[in-house]
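Open the model in your viewer and show side chains as sticks. The tour below goes from one selection to the next.

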Amino acid sequence: MVKGVDETLEFLSKESLSHIMGVQKNTLEKWIEDFNVYIPKTKLNNVTYYRPDGIEVLKFIKKCNDQDYDRKQIREMLATSTFPIRLENMHSVSQQSHDESYKENVVTMMQTIGKVVSNVENQQQLVEIIKEKQKNQNKLIKDIKKQTDEIDHLKQEMETLKQQLASVSKQSFKRKVNL
């Protein structure tokens with residue numbers, strides 16, 4: 001461990017981190033390369049050292065790796081985690097990592113576009129199904145309205161017939177009384 005400008009802040013070498021994490025140094029180096037924006041580091045006398053708060057990030061990476069997550073999945077989980085991105089590390093991302101990341105982003109965008117197109121097709125099918133159901137419901141509403149109009153008309157006819165029957169009954173009764 002190296003003590004820097006601030007004597008209370010201790011820095012770790014790759015060897016120390018490798019020992020703490022219980023992984024081979026080359027494995028640790030690969031993780032640091034792949035996920036460097038999450039691992040806090042500093043340079044002293046042109047030597048890179050790592051801050052102790054990077055151990056939690058590395059433990060998370062190790063846990064994910066042990067569960068057979070690939071690098072892209074781990075990167076996505078780190079992006080949604082509470083681990084901060086170290087802006088001071090952003091400039092150190094190599095062109096290769098940038099190109100690889102760019103290719104992964106293009107693939108991800110293409111997959112997303114494919115899903116969107118598929119979803120649009122599904123939505124169009126659902127819209128057609130809904131339109132057909134709406135058409136059927138409108139037909140049912142028209143049929144019900146027609147039946148309601150017929151019922152109203154029949155009620156009026158029944159009322160008219162009742163009145164006629166009442167009138168005929170009165171006349172019949174009067175005739176019988178007059179006879």
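Select Leu17 and look past its neighbours within four places in sequence: Leu17 is in contact with Leu12, Leu28, Tyr50, Ile55 and Leu58. Keep in mind throughout that this is a predicted model.

Next, widen the selection to the largest nonpolar core, which has 19 residues. Leu17, Leu28, Leu58, Ile61 and Leu78 are the ones that touch the most other members. Two or more residues of this core come from each of α1, α2, α3 and α4, and α3 gives the most, with five residues. As a general point, nonpolar side chains tend to be buried together in soluble globular proteins.

Now select helix α2, residues 25–34. Which residues of α2 are buried? They are Leu28, Trp31, Ile32 and Asp34. The buried residues of α2 pack against α1 (14–21), β4, α3 (54–66) and α4 (71–79).

Move on to strand β3, residues 41–44, and to strand β4, residues 47–50. The two strands run antiparallel and are joined by four bridges. Leu44 has Val47 in β4 as its bridge partner. Two residues lie between the strands in this hairpin, where Asn45 takes a positive phi near 50°.

Finish on Val47. Is Val47 buried or partly exposed? Val47 is partly exposed, because its relative accessible area is 37%, and the partly exposed range runs from 20% to 50%. To end, draw a distance from the C-alpha atom of Val47 to that of Ser13: the two are 34 residues apart along the chain and separated by 9.0 Å.

Technical notes
Residues numbered from 1 in each chain as written. Predicted model: local features only at pLDDT ≥ 70, side-chain atom pairs only at ≥ 80, totals over all residues. Heavy atoms only, no water. Buried < 20%, exposed > 50% of the residue type's maximum accessible area, 1.4 Å probe, protein only. Contact = heavy atoms within 4.5 Å. Core = buried A, V, L, I, M, F, W, Y, C linked by side-chain atoms within 4.5 Å. Pairing = 2+ DSSP bridges.
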